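Visitor: I am new to reading protein models. Could you walk me through this one and tell me how each label is earned?

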Amino acid sequence: MPNLKDLRVRIASVKATQKITSAMKMVAAAKLRRAQEQAEAARPYAERMERMLGSLAAASAGQAGAPALLAGSGRADVHLLVVGTADRGLCGGFNSNIVRNSRQLIRSLVGDGKTVKILCVGRKGRDALRREYGDMIIDTIEGVTKPRPTFDKSESIAERITRMFEDGEFDVCTLIYAEFRSAITQIVTRQQLIPFAPVAVDEEVAEAGGGQKASYEYEPSEEEILEALLPRNLAVQIYKGILENNASEQGSRMTAMDSATRNAGDMINNLTLIYNRTRQAVITRELIEIISAKEAL
Amino acid sequence: MAEGKVEFELVSPEKLLLSEPVEMVVVPGEEGDFGVLHQHAPFISAVRPGVIKVHNGGKVTEQIFVSGGFAEVTPARCTVLAERAVAVADIDRGAAEQQLRDAREDLADEKDEHDRDQAERQVAVAEAMMAAAIG
């Protein structure tokens with residue numbers, strides 16, 4: 001039979017845990033609102049940038065002398081994976097989903113005989129990948145969301161990636177992050193950054209151009225614009241990835257902490273029931289003892 | 001969309017700043033200012049630091065300073081992707097002057113060619129901002 005004192009201690013401890021998880025849930029909810037706003041505010045820019053670049057890329061596709069960021073280095077031997085995760089845990093399956101997806105990608109790339117390099121944005125990704133693929137991790141960038149994600153930070157990451165590309169350290173760059181749909185659903189997304197992979201040119205663009213996509217005029221020149229636009233696009237896409245990730249992290253943490261709070265509540269109810277039953281049983285037993293002792297006299 | 005108007009959008013990485021149909025918008029292009037009316041030919045241009053002027057009813061209704069970026073023009077739309085945008089009325093003269101001084105100092109200090117280019121850009125942005133503030 002469970003000891004009454006042990007039960008009391010246990011209930012108190014679960015209650016304390018519940019307090020922490022419900023506080024974390026509240027904090028995550030507040031952060032989520034801000035992160036979501038920021039992510040949604042940044043979407044138009046990234047979308048329009050992609051659209052503009054898409055039509056530019058379509059126009060200059062296959063032409064000789066296209067910038068390397070667009071055309072690639074002509075090889076696909078060395079892959080750079082930019083794995084975006086959170087710096088902190090306790091956010092449900094958020095980090096492990098991204099890491100699992102990255103692992104699959106790494107395994108298939110290594111299986112194809114490619115060299116893989118990993119750039120971790122977020123500490124949790126590094127922690128999870130270090131054991132298996134420690135020698136592939138070239139660096140970890142932490143604290144991108146502290147105190148809040150800014151465009152400048154993304155720009156410096158993009159600059160670094162561009163410089164590495166120019167030095168010929170990799171051929172293909174892929175960004176892995178979780179796209180935020182709602183607090184319950186986040187979708188792990190792989191986005192190829194280098195060479196630039198144009199999204200399907202949407203109907204609107206073709207329509208607006210009177211059916212001729214490549215009818216734009218360029219000022220100063222097509223090449224100059226592309227050269228300026230491509231590194232900028234890289235920064236924008238990374239910025240978008242970080243914002244989406246941030247919103248996903250908070251959403252995931254909120255849901256996780258919500259269910260943790262609910263589980264703790266269930267557990268408290270259960271334990272309280274056992275506690276009361278035990279207490280009654282003890283009283284009954286004492287009564288029986290007293291009565292039978294009296295009868296024996 | 002109203003007839004004869006062009007859908008003007010101004011976006012910065014942080015947010016969508018402006019999205020409305022206007023009669024005409026004048027954008028400071030890399031090779032000279034250009035005005036966009038309804039049915040403008042498709043056109044993509046780099047934007048230099050300067051002031052975007054929105055015209056409605058024959059008058060300038062809004063003036064926004066941008067620190068560079070890109071503009072995409074289609075017959076129905078004009079989209080400006082700005083690096084940073086501030087309404088001219090909100091520019092702080094003192095802060096702009098300070099920025100210009102800092103930028104010039106940085107330029108004098110930079111040795112590396114890459115950093116120099118960047119510092120020169122900063123000076124150009126600050127100068128354009130001052131010019132916009134003075135009007």
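Guide: We will take some labels one by one and set them against their definitions.

Guide: This is a predicted model, where local features need pLDDT of at least 70 and side-chain atom pairs count only at pLDDT 80 or more, while totals for chains, interfaces and linings use all residues. Residues are numbered from 1 along each chain as its sequence is written, chains are lettered from A and ligands numbered from 1 in the order in which they are written, and side-chain values use heavy atoms, leaving out hydrogens and water.

Visitor: What pLDDT does chain B average?

Guide: Chain B averages 84, where pLDDT is the predictor's confidence in each residue, from 0 to 100. In chain B, 97% of the residues score at least 70. For the complex, the predictor gives an ipTM of 0.77 and a pTM of 0.83.

Visitor: Why does A:Ile291 count as partly exposed?

Guide: Buried means under 20% relative accessible area, exposed over 50%, and partly exposed in between (1.4 Å probe, protein chains only). A:Ile291 has 48% relative accessibility, so partly exposed is the right label. You will find A:Ile291 in helix α7 (residues 222-296) of chain A; helices are DSSP runs of H or I with at least four residues, numbered from the N terminus.

Visitor: What makes the buried residues of α3(A) line one face of the helix?

Guide: The buried residues of α3(A) include A:Phe94, A:Ile98, A:Leu105 and A:Leu109. Seen down the axis, the buried residues of α3(A) fall within an arc of 160°, so they line one face; the arc is that of the directions from the helix axis to the C-beta atoms. On the face turned away from that buried side, α3(A) carries the exposed residues A:Arg107 and A:Gly111.

Note on methods: Helices (H or I, at least four residues) and strands (E, at least two) are DSSP runs, numbered from the N terminus.
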